[in-house]
Each structure stands twice: as structure tokens, then as C-alpha cells.
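Subject: A structure for you to look at

Hi there,

Here is the structure I promised to send over. Have a look at it first, and then read my notes below.

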Amino acid sequence: MADTADTRTPAEIEADIRRRREVLAETLDEIGVRVHPKTIVGDAKAKVASNIDHTLGRAYVQVNRVVSDVRAQFVDEEGAPRLERLVPVALVAVGLVGLFALGSRRRRR
């Protein structure tokens, strides 16, 4: 059978109790801060902001990739415009603007 006798002095036991109370008091203070409504709301806001930042960052990368791809279609490696691709696109754009202009003129009458 194990000997369960405590060989500490009463002063040592009191010091251990004081240390334990201080640790418990700190832990309770931490818990109080963590469960406070303002802390919970602040943490939730920070998480949402982080997710939005992450989503916006991914969207920015996607937009940059699309712009680079489109630019590569209309500009060659030296940076000169590719007229064989720009002229048809410009003609289509002018045609669409003309159609919209005619359409809006007919509605006014």
C-alpha cells in the first residue's frame, strides 16, 4: 500500500494554495474576456474581414489573369498592337454602337 502522508509544512501548503488561487484567478479572467459579447463580436468581425480579404485577393488575381490573357490577344511580345485582331474588334464595336444609336433614335419618335 502506498504511503499518502504529506511531508510538506503548513507554510508550504499555504504557499501552494496561494499560487493555485492566482493561477485560477488568471484563468477565470481569461475566460471572462473570451466569453464577453464584445470579444465574441470582435472575433466574428475579424474572421469575416479576413474571409473578405481572402476572397478579394483571389478575385484580384483572377482579374489580372484575364486582363493579361486579353492583352496577349491584342499585343505581341514586343508590345506592338496586333492589327489583324484589333481591326475586326474595332469594326464590331463601331457596328454595335451604331445599332444602339439607331435603336434609341427609333424609340424616341
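**What I found**

Let me start with a small group of charged side chains: Arg-8, Asp-16 and Arg-19 are joined in a network of salt bridges. Please keep in mind as you read that this is a predicted model.

Within that network, Arg-8 pairs with Asp-16, and their closest N and O atoms are 2.3 Å apart. Arg-8 is partly exposed, because its relative accessibility is 38%. Asp-16 is partly exposed too, with a relative accessible area of 25%. If you are new to this kind of contact, the general idea is that side chains of opposite charge can pair when their charged atoms come close.

How many salt bridges does the structure hold? The count is 4. One of them links Arg-34 with Glu-30, where the closest N and O atoms are 3.2 Å apart. Both of these residues sit in helix H1, with 4 residues from one to the other, or about one turn of the helix. Is Arg-34 buried or exposed? Arg-34 counts as exposed because its relative accessibility is 58%, over the 50% cut-off. Glu-30 has 45%, so it counts as partly exposed.

Another salt bridge joins Glu-77 to Arg-82, with 3.9 Å between the closest N and O atoms. That distance still falls within the 4 Å limit for a salt bridge. Glu-77 itself is exposed, at 71% relative accessibility.

**The chain as a whole**

Now step back and look at the overall picture. The chain has 3 helices and 0 strands, so reading from the N terminus the elements run α-α-α. Helix H1 covers residues 10–34 and helix H2 covers residues 37–74.

What radius of gyration does the chain have? The value is 36 Å, whereas a compact globule of 109 residues would have one near 13 Å. Along the principal axes, the C-alpha atoms fill a box of roughly 100 × 45 × 30 Å. You can also see the spread in one pair of residues: Thr-39 and Arg-106 are 67 residues apart in sequence, and their C-alpha atoms are 62 Å apart in space. Thr-39 belongs to helix H2 and is partly exposed, with a relative accessible area of 24%.

How much of the chain is buried? Of the 109 residues, 1% count as buried. The chain exposes about 10,300 Å², and carbon and sulfur atoms supply 62% of that area.

The charges are worth a look as well. There are 19 positive and 16 negative charges in the chain, and their mean positions are 21 Å apart.

**A nonpolar patch**

One last thing to find on your screen is a nonpolar patch on the surface, formed by Leu-28, Ile-31, Val-35 and Ile-40. Together these residues have about 390 Å² of accessible area. Where does Val-35 lie? Val-35 is in the loop between helix H1 and helix H2. Val-35 counts as exposed because its relative accessible area is 54%, and the cut-off is over 50%.

Happy exploring, and write back with any questions!

Best wishes

Terms used: Residues numbered from 1 in each chain as written. Predicted model: local features only at pLDDT ≥ 70, side-chain atom pairs only at ≥ 80, totals over all residues. Heavy atoms only, no water. Patch = residues over 30% accessible without salt bridge, like charges linked within 9 Å, V, L, I, M, F, W, Y side chains within 5 Å. Areas by Shrake-Rupley, 256 points an atom, 1.4 Å probe, with all protein chains shown as cover. Helix = DSSP H or I, 4+ residues; strand = E, 2+ residues; numbered from the N terminus. Buried < 20%, exposed > 50% of the residue type's maximum accessible area, 1.4 Å probe, protein only. Rg over C-alpha atoms; globule rule 2.2 N^0.38 Å. Lys, Arg positive; Asp, Glu negative; His and termini not counted. Charge placed at Lys NZ, Arg CZ, Asp CG, Glu CD.
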